[in-house]
Amino acid sequence: MNERSEPTTGTAEPLAGGDPMDSATEVFVAHRNLLFTVAYEMLGSVADAEDVLQETWLRWMKVDMGQVRDQRAYLVRITTRRSLDRLRTMRRRKEAYVGSWLPEPLLTTPDVAEDVELAESVSMALMLVLETLSPTERAVFVLREAFGVSYDEIAATVGKNPAAVRQIAHRARRHVDARRPREVISPSEARTALESLRRALETRDLQGLLDVLAPEVVLVGDGGGVKKAAPRPITGAGKVSRLIIGGLGKAGVAVTGDPTVVNGNPALVLRLDGEIDGVIAIRVEDTRITGLYYVRNPEKLTRIASEIPLTLR
């Protein structure tokens with residue numbers, strides 16, 4: 001059912017003979033983690049995803065639930081449309097962003113890391129690839145690949161016909177596949193690489209860092225204009241290692257890396273003299289690190305103290 005064609009007023013049928021508002025709230029809460037995951041995968045920003053959920057909630061409270069055949073699909077449709085609107089607005093913000101832009105890191109619950117499909121879909125590496133898609137391509141890819149939404153439902157959501165959506169999905173998948181990691185590694189392999197990285201950083205061991213980094217490693221730093229970060233991605237193990245070790249050496253402070261799970265994947269919370277400096281997410285292929293994503297922007301580090309539940313179902 002088309003969300004825009006739904007009546008904006010009406011009396012919802014209670015789920016169990018209670019107040020319609022309570023019933024609507026119960027349905028929304030039951031799907032909240034799913035809706036947040038949709039919005040976050042679309043936007044890469046917790047604050048914007050939370051705003052989208054608020055907008056979805058306000059719209060949902062005006063819906064005649066008696067006319068909604070599939071409550072989950074309806075809520076996902078509202079969330080996706082609100083996310084699309086916000087994504088187009090965010091593009092203008094990102095154009096004015098100082099330096100490289102990275103998704104906001106999320107401290108995720110243990111079950112996210114255990115779900116290989118979910119962990120990959122919210123990984124920093126894939127989220128960064130999604131930034132290279134158009135808003136419509138991103139919506140189609142996320143709904144189809146991550147959440148298994150039918151082409152007909154996606155078509156109704158993005159305002160395209162099913163044939164066009166299939167073409168968009170094929171194009172987006174080909175684009176993403178060309179840029180995503182070539183193989184899926186086990187969590188234990190990722191943790192091993194992360195531990196080698198942690199030791200090298202804490203001891204400022206240049207050779208140790210060179211050993212764990214792949215020759216073609218890429219470092220992307222996000223300081224948001226508030227903290228110092230490389231203005232553009234740095235490529236090559238030698239350049240990346242010297243930049244990192246040189247920066248830590250100049251700091252003249254104690255460096256500690258706390259292993260954690262960010263966006264469903266092993267990561268480090270880097271501290272300088274006990275104060276959080278940033279979050280380092282990694283991309284690992286063939287046991288070596290091919291991607292380093294260092295988020296230093298303080299505005300993106302406000303939610304790494306508490307776990308956020310995510311789900312694809």
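## Close-up views of a predicted model

**Figure 1. D48 and the residues around it.** Setting aside residues within four places in sequence, D48 has L43, R86, M90 and R93 as its contacts. Please keep in mind, as you look at this and the other views, that the model is predicted. D48 is part of helix α2, a helix that covers residues 46-60. Its relative accessibility is 5%, so D48 counts as buried. The side chain of D48 also forms a polar contact of 2.8 Å with the side chain of S45. Of the contacts named above, R86 is 38 residues away from D48 in sequence, while their C-alpha atoms are 7.7 Å apart in space.

**Figure 2. S45, in the loop between two helices.** Here the view moves to the partner of D48 in that 2.8 Å side-chain contact. S45 sits in the loop that links α1 (20-43) to α2 (46-60). Is S45 buried or exposed? With a relative accessible area of 9%, S45 falls under the 20% limit and is therefore buried. Once residues up to four places away in sequence are left out, S45 touches Y40, M90 and E104. M90 is also on the list of contacts for D48, and both Y40 and E104 will come back in the next view as residues that N263 touches.

**Figure 3. N263, in the loop between β3 and β4.** This loop runs between strand β3 (255-262) and strand β4 (265-272), and N263 lies in it. N263 has a relative accessibility of 0%, which means that it counts as buried. Two polar contacts of its side chain are worth finding in the view. One joins the side chain of N263 to the side chain of Y40 at 2.9 Å; in the other, the side chain of N263 reaches the backbone oxygen of V122 at 2.7 Å. Beyond four places in sequence, the residues that N263 touches are Y40, E104, P105, L106, T108, A119, V122, S123, M124 and M127. The backbone deserves a look as well: N263 is not a glycine, yet its phi is positive, at about 50 degrees.

**Figure 4. T287, another non-glycine residue with positive phi.** For T287, phi is about 70 degrees, again positive although the residue is not a glycine. Which strands flank T287? The loop that holds T287 lies between β5 (275-285) and β6 (288-295). T287 has a relative accessible area of 52%, which is over 50%, so T287 is exposed. N263, by comparison, is buried at 0%.

**Figure 5. S121, in helix α5.** Helix α5 spans residues 116-121, and S121 belongs to it. S121 has a relative accessibility of 7% and therefore counts as buried. Where does its side chain reach? The side chain of S121 meets the backbone oxygen of L118 at 2.8 Å. Leaving out neighbours within four places in sequence, S121 is in contact with E41, L126, M127, A146 and L312. M127 is one of the residues that N263 touches too, which makes M127 a handy landmark for going between the two views. If you would like a longer ruler, the C-alpha atoms of S121 and G223 are 24 Å apart, with their positions 102 residues apart along the chain.

**Figure 6. A172, in helix α9.** A172 is found in helix α9, which takes in residues 162-177. Its relative accessible area is 0%, so A172 is buried. Apart from residues up to four places away in sequence, A172 touches L133, E137 and F141. The C-alpha atoms of A172 and A139 are 9.8 Å apart, for a separation of 33 residues along the chain.

**Figure 7. The whole chain, for orientation.** To place the close-ups, step back to the full model, which has 12 helices and six strands. Its C-alpha trace extends over about 65 × 40 × 40 Å along the principal axes. The radius of gyration is 21 Å, which agrees with the value near 20 Å for a compact globule because the chain has 313 residues. Buried residues make up 51% of those 313. Among contacts with a separation of 6 or more, 70% join residues 24 or more positions apart. The accessible surface is about 14300 Å², and carbon and sulfur atoms supply 51% of it. Lastly, there are 42 positive and 43 negative side chains, with the centres of the two sets 7 Å apart.

How values were computed:
Residues are numbered from 1 along each chain as its sequence is written. This is a predicted model: local features need pLDDT of at least 70, side-chain atom pairs count only at pLDDT 80 or more; totals for chains, interfaces and linings use all residues. Side-chain values use heavy atoms; hydrogens and water are left out. Helices (H or I, at least four residues) and strands (E, at least two) are DSSP runs, numbered from the N terminus. The radius of gyration is taken over C-alpha atoms; the globule rule is 2.2 Å times the number of residues to the power 0.38. Buried means under 20% relative accessible area, exposed over 50%, partly exposed in between (1.4 Å probe, protein chains only). Contact means heavy atoms within 4.5 Å. Accessible areas come from the Shrake-Rupley method with a 1.4 Å probe; for residues, only the protein chains shown count as cover. Lys and Arg count as positive and Asp and Glu as negative; His and the chain ends are not counted. The place of a charge is taken as NZ of Lys, CZ of Arg, CG of Asp or CD of Glu. A polar contact is a pair of N or O atoms within 3.5 Å; within protein, one must be able to donate a hydrogen and the other to accept it, and residues adjacent in sequence count only if both atoms are side-chain atoms.
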